[in-house]
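Q: Please take a close look at a single part of this structure, and explain for a newcomer how that part is paired and surrounded.

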Amino acid sequence: MTSKVQSENNVVEVQNLHVSFRTYKGYAHVLNGVNLHVRKLERVGIVGETGCGKTTTVNAIAHILARQARIDQGELLFQGEDTLKMTSKELKRLRASGISMIFQDPIASLNPVFTIGSQMQDVIRYSGIEGAKDPKVQKEKSIAALMETSLPDPERMMKNYPFQLSGGMRQRICIAMALATPRDLVIADEPTTNLDVTIQDQVLQTLKQRVEEKDSALILITHSLGVAREIADRIYVMYAGNFVETAATKELFKECLHPYARGLMDCIPKLSGGGIAEGIPGHLPDYMNPPPGCRFEPRCAHAFAKCREAMPPMIEARPGHFVACYLYC
Amino acid sequence: MQEEVLRIENLKKYFSVELSGTNEQFVKAIDGVTFSLRRGETLGLVGESGSGKSTTAYNVLGMQKPTEGVIEFLGQDITMPLEDRPLSLKKQIQIVFQDPGTSLNPERTVYSILELPLKVHKLCEPKDRIKYVARLMELVELPYGYMYKYPSSLGGGERQLVALARALATCPSLIVLDEPTSALDVSVQAKIINTLLRLQKELHLSYLFITHDLSLMRNVADRVAIMYLGKIAELAPTESFFSDPQHPYTQMLLSSIPVVSEEEEAYKPQRIQSEGEIPSPVNVPSGCSFRTRCPFVTEECKQTDPMMVNFKKDHLVRCHLAREERIVL
Amino acid sequence: MEKYEYHIDVSNIDVSKLPARNRADDFRKLWYKFSLNKLSVVGLVIVLAVSFIALFYKQIAPYPDHIGAYIDFSQASQAPSATNLFGTDVVGRDVLSRVMYAFRGALYMGFFAVCIIVPIGGVLGLIAGYFSGRFISTLIMRVADVFLALPALILVMYVSSILEPSLRNAMLAISVSWWPWYTRLVYGCVTSTRNEVFVQSAEVLGASSFHILFREILPNAMAPIFTKMTLDVGVAILAGATLSFVGMGEQPPTPSLGAMVSDGVGYLPDQWWLSVFPALAIMVIVLGFNILGDGIKDMLSNEE
């Protein structure tokens, strides 16, 4: 039985999501029954490596999947409403005032030929809040948003073009845009991967602060467990289209249960020295022909026969700490 | 005492930025860098954007011509650009670039990419090339099946392995690694780093390892140099660098790394809140270049650029506040 | 100074385990990318059909001998019917057969114009791009600029008028005015690729300039070159038709699409079939090449 946490308190609920992509050799079955929920005001981290499907998952939630993607099964609820049944008008409203996204590469998210000011004002204009159509209100709110992200001299910033600013500043502007108007959910997809370490620190702190101030929930995607530990209240570890482990942050770092999560933790270089673990042998499975059982089985040192037969269910191995592994069944 | 493979003394590289009128400004990418590298050793260069670490690498390789200073390889002067370097020298120094997406020609197969150095340096008969390519792939643990694949169908880690195999093909003495794993997942990074370390032991390779990831550096380098705006701020053996960081920038950087456990937190110096942006290399602050962000700044720091001081044996710091034992540079 | 030289040891490589090159998979991938847009397949079908008709004219055309000097006034000026699908012209020749034959001239024109322009323009572009900043590059590009500044059609007609009107000279005229487009295209590709990291890698490895130009840079220019080539076949055909419309292309009695349109203009709107069918044929051919060109662009684009 998969763990379903249904309550009116959930901003997002994803149930049994299966997504596949069309390629020249057939269909790639990427997401394989993803279950996720985010409560109001909660900060959730999704940690996983390249190709595991984390971006696909959030793109599905925000309804911006690529053309070749196909939702085979599953439910996507936002604020209790079924988003798969929404009309395009309702979806637009969803994106304008319900969900906002911050992407990895700020250069790509900001239009190079428009000033920061005009881009921020656009965000406000389409948000549907009171006075959104009034340029004065737009300008006011834009400057307020910029000020809240501790950007120096917001008035002058409005007239700048993206190329005049550094990576860290651009990302902070993206954060400002994402939170300029009240949102129920902010999704940040690897927001600091391209930034320097000290700037990364600043940006993450800004993000954490703003999300708290604006009463938004947050989904943070990252491939760095360290970053997730700084920001998230609860973490999902993802592998090859499935969540393999989820727990409150403290719990997860106290004890990693799933062999993959443990392997990942071991691979992280430690400040205390002592070398780096050998890495996890093997490769991601071929999504065209995924194994019928646990997708991590071919690489797992603890695998046994049952692992090949069927996907292990997500069970509560410790209080509040869920794993999808037959070692704990 | 192992022989000195690379010696750099007072290296400077200025780029002129033409401004209208009479005022010609310079971007001081590197402004007086000195270090040396021995056979079988790994020297780590750490820094953020604008620090000049990549520029140093490019000058060593000949991709850029130094403005001033000495670069010696195995005792020979090599300050000339690539076009003027003899083929035998190019054989000895190779580089692995940061972005695996652009360092491999998308229109050529893995086989033809690995074949190129064999062809250029006439390392074997044409009929034997496939054997050599196979052996190179074995060295980096790439399966033979990848031989005729194009880079676009390889993952980032696999591409870096190809880039590494290509660098090894000519049996160089010195390999410059410019952020080789920054774009990769942690488990893939672990594999590549372990491959690098294994090959270093087997083949007595010297590495100039550039990265911004201090935790990684801790586990890879024998000595570490941290650069800020074109100058080395601190240079020390790894142990000493991490247990006893003297320069405020080193401390700032160390304190902002996201780590994964409480024990790790204990290894970090007291948290120094990183403030402000990195100044542009065109407008390097007078006196000590770090003074605009330094929490310990004094009047002297604003006036004079500090000299390199010997804090401990082999541990050099460029800071007015470091306790002097003997002035070195 | 002791030399630590290691050599790659290939003594125990099992040659039987080494893979062979699987070209089939490459083609399958290319076809997939091409056929993602159904319209591209339509374009391919059109081009293949036109080529097929041009090649096997003798076997397919209903009245193969109508292309020459054939006169039969009893059948003249017939509207399209079961026996003459496109009708007959003023001297009794079957329009359909003549249109089919005219495909040959059109395709000949298109392919050969492109076969002349692309190598010449391309090589000049390669040289100009690689030696960018030097005199030879400036010389080539400025000469190209001069040719590009002159209105293409006027230039083509001018050249044609100097030479004797014929199919071959029409091709020459088009080549003379069109080569600079390829020079510019390749120049752009070369200058942008020159700064790519993989080119720097090749330089660091010690590869010669020749190798870098032809084996590293050129393959990356192939995609835009092929795409443009395909589109240009269509445009060359159109240009050829324009030339023969004003009497500077293929000479009578050999049918050419432009000339047929021109001849029939005087008989509009009564004997509409004389102009309309050849014009439609031109349109279909050019459209086919255009859509095919789009497909080729998709096929050669490198996204995974």
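A: Strand E9 (residues 234-239) and strand E10 (residues 242-248), both of chain A, run antiparallel and are joined by six bridges, in a model that is predicted. Within that pairing, A:Arg234 stands opposite A:Ala248 in E10(A). The hairpin that E9(A) and E10(A) form has two residues between the strands, and in this hairpin A:Ala240 takes a positive phi near 45°.

E9(A) also has a parallel pairing, for four bridges join it to strand E3 (residues 43-47) of chain A. A point of reference in that pairing is A:Ile46, whose bridge partner in E9(A) is A:Tyr236.

The surroundings of E9(A) can be followed residue by residue. In a regular strand the side chains alternate between the two faces of the sheet. On one side of E9(A) are A:Arg234, A:Tyr236 and A:Met238, on the other are A:Ile235, A:Val237 and A:Tyr239, and with all of these buried both faces are covered. Because six of the six residues of E9(A) are buried, the strand is largely enclosed by the rest of the structure. A:Tyr236, the bridge partner of A:Ile46, is thus described twice here, being also one of the buried residues.

Another strand of chain A may be set beside this one. In strand E6 (residues 99-102) of chain A, A:Ile99 and A:Met101 point one way while A:Ser100 and A:Ile102 point the other way, and all are buried. E6(A) pairs in the parallel sense, over four bridges, with strand E7 (residues 185-189) of chain A, and there A:Ile102 stands opposite A:Ala188 in E7(A).

Beyond the strands, chain A has a contact with chain B, which takes 33 residues from chain A and 31 residues from chain B. Helix H8 (197-213), helix H9 (225-231) and helix H11 (259-267) of chain A each supply at least two residues of the side that touches chain B, and the largest share of that side, five residues, comes from H9(A). By class, the side of chain A that touches chain B divides into 13 nonpolar, 13 polar and seven charged residues.

Chain B has a contact with chain C as well, taking 30 residues from chain C and 40 residues from chain B. On the side of chain C that touches chain B, helix H8 (197-205) and helix H9 (209-245) of chain C are the elements that give two or more residues, and H8(C) gives the most, with eight residues. That side of chain C has 15 nonpolar, seven polar and eight charged residues.

Definitions and conventions
Residues numbered from 1 in each chain as written. Chains lettered and ligands numbered in written order. Predicted model: local features only at pLDDT ≥ 70, side-chain atom pairs only at ≥ 80, totals over all residues. Contact = placed C-beta atoms within 7 Å. Nonpolar A, V, L, I, M, F, W, Y, C, P; charged D, E, K, R; others polar. Buried ≥ 20, exposed ≤ 12 C-beta atoms within 10 Å, placed from the backbone. Pairing = 2+ DSSP bridges.
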